[in-house]
Structures are given as structure tokens and as C-alpha cells.
Amino acid sequence: MTYGPIRDALATAGDDLKARFEAGESVVELVHARSRLIDELLLRLWNEHVPDCDAALVAVGGYGRGELHPGSDVDVMILLPESINARCEEALSGFVTCLWDVGLEIGHSVRTIAECSVEAAGDLSIATTLMESRLLVGPEALFLEMEAVIAPDRMWPSATFFEEKLKEQISRHHRYHDTAYNLEPNVKGSPGGLRDIQMIGWVAKRHFGATTLAELVDHKFLTPVQLQRLEDGEHFLWRIRFALHVLTGRREDRLLFDHQTRLAEMLGYEDATYTLAVEQMMQRYYRTVMELSRLNEILLQQFEEAILMDPNAPAEPLNERFQVKNGFLQTVDEQVFKREPSAMLELFVLLQDNPELRGVSAYTVSSIKRHLHLINDEFRQNPRNHRLFLNILRAPEGVTHELRRMNLYGVLGLYIPAFGRIVGRMQYDLFHAYTVDEHTLFVVSNLRRFALHRYDGEFPHCSEVMQSLEKPEIAYLSGLFHDIAKGRGGDHSELGAVDAEAFCLEHGLSRSEARTVAWLVRHHLLLSTTAQKKDLGDPDVINEFAEIAGDRTRLDYLYVLTVADVRATDPKLWNSWKAQLFRDLYELAKRALRRGLENPFEGEQLVSEKQEKARRYLDTTGVSAESVAKVWRLFNENYFLRYRSSEIAWHTEWLSDSDTDSNIGLVDVRRRRTGDGVEAVLFTRQTKRTFAHVTAVLDELGMTIMDARIVPLDNGNSIDTYVFMESDKRVDIDEERTNKIRRALTRILTASDEKVAKVTRAVTRQARMFTTPTRVNFRPGTSDDQTVFELVTADRPGLLSKVGQVFIEQGINITSAKIMTIGERAEDMFYISDLSGRALKETALDNLADSLRDKLDPNEQEV
């Protein structure tokens, strides 16, 4: 039998559904229409292949609910009587084969009643799938018997079902890091996604026998308003999922960067002045799933109270407004928030003061939602509410937890309206892993962990600094406001500083404290950009930074805020190299402040101090003073300024046991002593100019380069050092791996061919979605022997090597490279000079810019 006409009809029907979707027809109608279409097809094929057979064809899962998206699997079960004849077996086998032949994505099972009973009793997922079954064709009595054997009185009673389903949800949320705000969320599985709505339906069906969410209104478990929010949220997610399937031509539930921009266009979003269309779409997505998460929490807690707890348990009063029932905090009556709106903040203070509480009762969460309109200007100006909010920030426990709860319940965004505008706001790039509000709360969470002794082992130095601060709430407030002006246009740091100072003054902080918070918000990027983009071996850089910081207290606050901020941007981007850079700058600035700004650091003193520390270490290794002196005669002041004392000791110990007169050069590689990653040092002739070669080799080996320093020595040699890490965190840097890197770098020194190795690694899937125009900026260095060159361009494999090749072609020496990758974008700083060791003249700068334009994708990039 040929199935071509059926496949063609299915394709035509699919095209029709797509056209109706793009024309704006209700996705609810389309999802059910596809289910009805498949019903008709299966009935036709069943009647053709399975005549006079006592088996039943049952739709299960989403298809059982009558909900099919374009790429959804068609899940069916063939329900058998206890025995069938061979003719029926053959007919059923032919039926299943033809389903595949016509092009359906089928998920099928074949079971008897007894097998349904056994398998459902042993596997909750199977029981849940069968609960959503729908008879398509076959004996109704057989189907009803199957429903009876999986009923709550036979297996999975509602209490057990609820407990196990709740564990399933918790486990599923863990897989998505317990946040709905991942930048590539799963529409179905992420917190607040479609699965959370289905969870409510499953529990309702098991406990009440409800077949629709609307029936929960009759059972007083949902208000009509809550039902409307659930349905609106579900239908929005259906539109997203339907569009994803149409766009990709397959089942795809992940909102990948690959699809987000085209999806926003398909759904009718348009770029605005300060917000991209894709950012608008994703903000609506995040706000929708946040609301669905809140409803999921309320309803599951109501189920828990009804199914697992004693509804007649006595309530224990806490004060005139609140009581505790079954371990949950709740208002004494429905009018509490209306009588005293401040109770909406007091609630969070009580949760902090009573950590044994299990949470807020569903009844009270619903009441908060109904009274949110009372958080208005009068509420925000009430001194009692100011005290309550500061009490939340100053509490010894539960600060982050309650701020998150305030955000989830919608309180935080109304109490701080500027915060409300960043709720669900995403930034369409690969650097920020979370929405702005989620990132902000992670920053506060990180600061809290620094403040609590039980987390001292995580970041000991940050904990020491944070715990020495007299007023930690200043750090928390700066964390709350540091990104609060994102998306408004203009400098978000400056705009946020204005908001922060006004808020602090209104809440009774002293003018000095308010200015400190505002200063931290205004300069929250200062330490990070200085450490990652500037030469910390330059005393002028340290003195300039220390002058901006002004005093030790501000420096301490800025240090812990910076670490907390960078760690909260994307946990995968934090590493020991950044930690070392930040601490180096902090310690150098602290010393500069201790000396006094009127008495700035001099290079000679820094060199002397570093040499003394290096000598103390070398004394423990057995390197003689004579050998140390011999090696150090190779070095110059610039070398000692550019390296830490520990690095100087390593280089000295290595060279003291090597032939420094070799014409070939020397290489050493080691695991970093202060954290993850590898560092390599090359002692070679300046004329080798190895930067392009080394970066190409390391890139091809799968390394991410963090730092490069090329220090010319007075005898025509140079010390070149590189710090790098595995791009793939799963690769272990063992001795074998280290030796492979050493051999590859040695080949560079011994090779007679000056051709730079080709980097064959491909650009990542996500990075391909972005276009970053190349920008070049030149400025004078702190001395007249160098030019500072800033390159902003699309990050890609082989980028540094290409830049290095341009340097060779243009006769440019590089003395330092500060490598900073911000998601899909490279923001690298190079300290360069001409071959005579002088800063570049204007003609040379123009030629360099032109060469870079030609090298870095001339058809796409603009310099």
C-alpha cells in the first residue's frame, strides 16, 4: 500500500496550520485542531488495518489531553484484552508500521490491563501518562477497566502521588539551576514552564478527579482571576512553543539564541529606542513564567495543606496580624493587608525572625497578590516601611531568601519601582547568563555568603574583608542598585547612582552612607575593568585607581561588590585568574592608600620589595645567591615591575638551571600555583616575535588565553609569558597535557618556517548568532615608549593570532596583552611600540587600523 497521498495531505495540513498561525489565529484552536486532525487520520488507518479486533487505541500524554504542537510526538497506547489471536497481532503490527510510513512521530506502547496495572504501580511517569488517556477507538469497557486499575484507590493515592510529583518537580527545577531566568530556557521543562502548569492539572485530577483547571474554581482552589492568569500564561507559552516548532521544522522546546531573534519577528515584536524586539519578547516570557511560578507555588501549597495536613489544626498567634498554622505563616484574617498595608513588608521580617517556619500559606500569598495595589507612593514614603525594609537587609539570617520571595510575590518591584522595570529584562548577549533582576539578586546572595561565617571556606579573603565592614547593608544596597538603570538609555551606572542616593536618603541613611552607596553604583565596574584591561605593573595605574577610590572603606566595599558582581554574571566565567587580578589590584591600592595619596608609589621601591620577597622564596629552594644575581643581571626594571614576586622566583629558579646563551630559546610550562589554569614562559630573542605563533598553537590546543606579557630585556632577549585555561572545563590538565603544551611551544622556537599555524576550531553555535562591529581605539601610554591599543570585535578562534600577524606585518612590538572576553565579544588591550621601542606615530596607527580591517573579516567588520 502506498502512503504518499497521506503524507502529502499531512504536509498540506501542516502548512495550513502554519499559515493560520502566522495570520494570528488563536494558538489554542490550532493546538486542538492538530489533535483532531491526527484523530481522524488514526481512526481511518485503524479501521483499514485493524478490523474486528477487541483491542483499543488510546491517546496518552499531551495527545491524550488533545494538545498537539506541530512537532509534538503522537503518543498512543494499544490496549489489549488478556488474549488475542495471531491475525489481530499481525494487524496491529501492520498498523504501527503504517503510522511510521505516513510520516508521524509516534511514541507507542502495547499493554494489557494487567500490564498497565503493574507498570503504572511501579513507575509514576507511566501512571501519569495513563491518567491523561483518551479513548480513540475500541471497546469502551476495556478502556474503563484500565482507568479503574490505575485509580487512586488501587495505586498512587493522592497523598503519595502529590509527594512524589513534588519531588519530581524539585528535581526537574534543579536541572535548570532552580531559575526560570536562564538565557536559553526550556519552554516546557524550565521553572514556570508548561510542565509546571501540567503538574497542577495532574494533582487536581488525582485528588479531585478534575479534568480541567477550570474545575478547581468550583473546588475553591482557584479564583477566577488566578484561572485567567494560568490560562493566559499557558496560551502565551503555547504560542512560543508552536512558533519554535514552525521555525525549526521539528520538536524544539529550547529557546536557543539561534531562534530568539527570528521568533520575536515571527510573533510581531519590533525594535524600540532602547530595547531590541528579542529583548521585549524575552522580558514578556520571563515575566510570564515568574507569574506561573508564583501560581504553581500557591496551588501546590494549597494541595499540600488539603492533602497532607490537618485543615482543622489550631493556629498559633504571632502578633495581632499574623499566626502560624501547620508551620506556615498566615494573616489572621483577609482584611489584614487592607487595614495595615505595612504588614506586606512585616511578613518578610517575621520569616527572618522565625526560621523554623516552612513558608507563607497559600491563603496569604493570594492575599498579598490581591493587595499589591496598596504599595503606592504613600506606602513607599511611610517611615515604618522604610524601617521594615532596612530591617530585612540588616537581619542576621534570610536576607537573600526574603528578597527573592519579595521579588516572586511582586512586592520588591513595587516597593522599588526602578527594580520593577528590570524584572525579566534580558540582555541579548552571551555574557550575562541571567536576567537583570535575577543577576542582581545573585549579587546580593554572593555578598551575603561573604558575610556569613559558615561560608568562609568559599572565598576566604572576600569573607575577611566583608566581615570587617561596619555596615554590610551598604554593600547590599549597592548590589541592589548597581544595574537598576539597565535599559533606560544613557550610562546605567550614573543613572543608577542617582536612584540609589535618593533611595538611601529617603530611608534615613546618613548623607555619607548614601553617597558611599551612590559612589559604589557609579563605579561598580571600575575595579573589574582596571584589573582586566590595564597594566597593574605600572605604578601610575595603581595611583590613579587609588585616587578614585579615595579611602580604604570605599575600596573594601568596591572589592567585595566587584567579586560578587562578576561571579553573578555567569558562574562559568569566574576563575582563579580573575580572582588573582582583583586581589592584586585591591592589595596594591590598599598599600597606596596606606602610604597616602600625596606620597604615590615609585617604581624603584616596588622593584626592591618584589626582589626581597622573591629572594626569601628562592632561599628555600637551594638556588644560590650567586645564581640569583647572575639571572637577575639578565632582567631590567620593567621586568620586575611587570611580574609578581612568585613569578620572578619561578623564572629565576628555571633560568638558573638552563643555558641562557642558547640561540634557540627556552620554554617552561606549569600548572598555576594559585588556582586553575596553566602558565608558560618563553626566554627567546626579541626578533622571534612569538606572539602570533604561540596564540595560534594554544588556541588550536583548545586553550582560552587570559593574559600575555612580552617583556623586552636589555640584551636583545625577551621574557614572554602566557596564562591560559582549557576552553572545555571537562578536560583535565594533567602532566601528559602539560608536556604536550611544552612540546608544541618548543617547536615554535626550533622551527625554521615562520608561517603561523592555522587555527581550525570553529566558532561556537551561540557566537554565530551575533555580529560585533570591530572598533579600534588608540591612546598614549603612561610613558612615551608605548601606545595603548584597544580592540573590540567578535570573539573567534584564532583572533589573537591574526592580530599578532598584523603586528609582524606592520613592524610592531607588543609588550603586553590584556585579554577580556565578554560573551560573544572580545575587548582586548594591547600595549605596543614600534621596532625602535617608541610609541606609534599617526601614520603607523592608520596603517595598523587598515590592516586590522583587512584581516578581521573585511566583508562584515567595520573598523
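**Notebook: sheets, cores and one helix pair**

I began with strand E1 (residues 56-59) and strand E2 (residues 74-80), which pair in the antiparallel sense over 4 bridges. The model I am reading is a predicted one. Within this pair I noted that Ala-59 stands opposite Val-76 in E2. I then looked for what covers the sheet and found helix H2 (residues 27-49), which packs on it and touches E1, E2 and E4. The direction of H2 makes about 45° with that of E4.

**Entry: the whole of this sheet**

I traced the strand order next. The sheet is open and has 4 strands, in the order E3-E2-E1-E4, with mixed pairing. Which strands stand at the edges? They are strand E3 (106-112) and strand E4 (134-137); each has a single partner strand, so one side of each is left without a neighbour in the sheet. From one strand to the next, the twist averages 30°.

**Entry: Leu-79**

I chose one residue of strand E2, Leu-79, for a closer look. Is Leu-79 buried or exposed? Its relative accessible area is 0%, and Leu-79 is therefore buried, the limit being under 20%. I checked Ala-56 as well: Leu-79 and Ala-56 are 23 residues apart in sequence, yet their C-alpha atoms are 5.0 Å apart in space. Leaving aside residues up to four places away in sequence, I listed the contacts of Leu-79; among them are Ala-55, Ala-56 and Val-58. The list also includes Arg-111, Thr-112, Ile-113 and Cys-116, as well as Leu-142, Phe-143 and Met-146.

**Entry: a second open sheet**

I turned to the strands E5 to E8. These 4 strands form an open sheet in the order E5-E6-E7-E8, and the pairing is mixed. Strand E5 (316-317) and strand E8 (359-360) are at the edges with a single partner strand each, so each has one side without a neighbour in the sheet. E5 pairs with strand E6 (residues 322-325) in the antiparallel sense over 2 bridges. I recorded Val-324 in E6 as the bridge partner of Glu-316.

**Entry: a hairpin**

Further along the chain I examined strand E13 (residues 775-780) and strand E14 (residues 787-794), which run antiparallel and are joined by 6 bridges. Arg-775 stands opposite Val-792 in E14. How many residues does the hairpin use to join E13 to E14? I found that the connection runs through 6 residues.

**Entry: helices H15 and H19**

I then took up a helix pair. Helix H15 (residues 343-353) packs with helix H19 (residues 399-409) at an angle of about 150°, and their axes are 10 Å apart. The crossing of H15 and H19 is right-handed. From H15, the residues Leu-345, Phe-348, Leu-351 and Gln-352 meet Val-399, Glu-402, Arg-405, Met-406 and Tyr-409 of H19. By character, the residues of this contact divide into 6 nonpolar, 1 polar and 2 charged.

**Entry: the nonpolar cores**

Last, I looked up the cores. In soluble globular proteins, nonpolar side chains tend to be buried together. Here the largest nonpolar core has 178 residues, and those with the most contacts inside it are Phe-303, Phe-389 and Leu-447. Helix H13 (residues 277-307) gives the most to this core, with 15 residues. I followed Leu-447 and found that it touches Met-466, Ala-475, Tyr-476, Val-560, Leu-561 and Ala-564, not counting residues up to four places away in sequence. I also noted a second, separate core of 41 residues, which includes Val-694, Val-806, Ile-814 and Ile-819.

Technical notes: Residues numbered from 1 in each chain as written. Predicted model: local features only at pLDDT ≥ 70, side-chain atom pairs only at ≥ 80, totals over all residues. Heavy atoms only, no water. Core = buried A, V, L, I, M, F, W, Y, C linked by side-chain atoms within 4.5 Å. Buried < 20%, exposed > 50% of the residue type's maximum accessible area, 1.4 Å probe, protein only. Contact = heavy atoms within 4.5 Å. Pairing = 2+ DSSP bridges. Axes fitted to C-alpha atoms, helices over the stretch in contact; angles between N-to-C directions. Left-handed = near helix turned anticlockwise from the far one by under 90°. Nonpolar A, V, L, I, M, F, W, Y, C, P; charged D, E, K, R; others polar.
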